[in-house]
Amino acid sequence: MDALRKQASKLREQVAKQQQAVIKQFSATGYESSDVMVIDEMEMQLHHQLDKLYKSTREKRDFQKEIVKAAETFTAIGYKHIETGTKLSEDCCKYGVENPNDEVLAKAASIYGDARKHAEKEVEDLNKLFFSQVLEPLRAMVAGSPLEDARHLAQRYSKMRQEAEIQAAEVSRRQARVREAPIPENVAKLHSAETKMQELKANMTVLGKEAAAALAAVESQQERLTFQRLVAMVEAEKLYHERVAVILGNIEAEIVSEKQRKEAAPPVTTLAVNPPAHIPEKTKYFLAEAIHSFEAESEKELSLSVGDYVVVRKVTQAGWSEGECQGRAGWFPSEYVEKRQRVPTSNGATEVY
């Protein structure tokens with residue numbers, strides 16, 4: 001009979017171990033690579049919840065690290081951009097000062113050099129925004145104590161599950177001893193093992209809930225902060241590009257306008273001031289009416305108002321005409337007037353009819 005009892009006890013232990021192995025296989029998803037057995041259904045649910053939270057907070061932390069790395073790279077490129085742009089600005093301004101005879105290019109270089117300083121200031125402001133609104137908050141959270149404290153609680157829970165596994169095996173062994181020899185000593189040891197097991201389960205429940213709550217709070221904070229920092233990056237870059245676009249637009253308009261003004265400038269010698277000697281005495285002038293107002297910018301130019309009649313005496317291919325209006329003579333843009341009728345002149349006199 002004793003031999004049969006021992007054989008039956010060994011069979012029961014083998015079956016118990018096989019059951020534990022099956023439970024481990026299907027229940028241990030394991031944060032921290034844990035393969036601890038599941039104690040009961042409630043503990044299994046808590047374990048899965050902690051495992052999910054542990055992984056998700058780790059993924060969000062890694063994503064935050066990637067954003068920090070990108071922002072650091074953007075900032076480094078930005079400072080290199082400032083260095084290069086500042087050097088270009090200085091070179092452009094220097095060329096404009098040292099080459100006054102090259103009016104169009106020198107003026108364009110000076111305009112670009114001055115405006116380039118404002119563009120680099122925008123880059124500097126963008127770097128400051130990246131640092132204060134993206135880098136600092138995310139760095140603080142990645143290395144912050146709330147995440148580490150929550151993960152520490154989860155790790156403590158994992159270790160307690162390992163202790164519970166050992167204690168569960170001890171309870172099974174004590175139960176087998178009692179079945180083999182139900183003496184008071186074996187029964188007392190079984191009761192002691194079961195009491196310790198109950199204490200471990202109670203502590204696991206409390207610690208597991210605490211760890212789950214802490215990780216859930218951290219996860220929520222990670223999601224909120226990361227979303228806010230991404231929006232801050234978008235807004236900062238949008239504002240930067242809008243301001244730089246305005247600066248570049250102003251540069252282009254000013255350079256093109258300056259070039260057009262130089263190309264369309266009236267000749268240095270005007271008929272009203274110093275008429276060439278080779279102009280014949282009988283020259284046919286024509287009458288024109290001003291269709292746009294024109295404000296003279298020098299004494300050699302002729303101011304016009306809409307409706308003024310001008311005796312046009314010369315038209316150049318550069319787009320400027322010279323004529324007389326109300327006793328005043330000078331140059332004005334040809335396209336500002338329209339031809340009305342011709343006026344024959346003799347010996348410098350003009351007659352409108």
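How many residues lie between S2 and S3 in the hairpin that they form? In this predicted model, the turn that links the two strands holds four residues, and among them is Gly319, whose phi is positive at about 95°. The pairing on either side of this turn is antiparallel, with four bridges connecting strand S2 (residues 309-315) to S3. One pair of bridge partners can be picked out by name: Val312 is matched with Gly323 of S3.

Strand S3 itself spans residues 320-325, and a look at its surroundings shows it to be mostly covered, with five of its six residues buried. As a general point, side chains in a regular strand alternate between the two faces of the sheet.

Moving on along the chain, S3 also pairs with strand S4 (residues 328-333), again in the antiparallel sense, here through six bridges. Cys325 is found opposite Arg328 of S4. The hairpin made by S3 and S4 has two residues between its strands, and Gln326 adopts a positive phi near 55° there. S3 thus has a pairing with S2 and another with S4.

Attention may now turn to a helical part of the model. Helix H3 covers residues 103-142 and includes Lys128. With a relative accessible area of 48%, Lys128 counts as partly exposed, because the exposed class begins only over 50%. Lys128 can also be placed relative to Ala236: the two are 108 residues apart in sequence, while their C-alpha atoms are separated by 9.9 Å in space.

Key
Residues numbered from 1 in each chain as written. Predicted model: local features only at pLDDT ≥ 70, side-chain atom pairs only at ≥ 80, totals over all residues. Heavy atoms only, no water. Buried < 20%, exposed > 50% of the residue type's maximum accessible area, 1.4 Å probe, protein only. Pairing = 2+ DSSP bridges.
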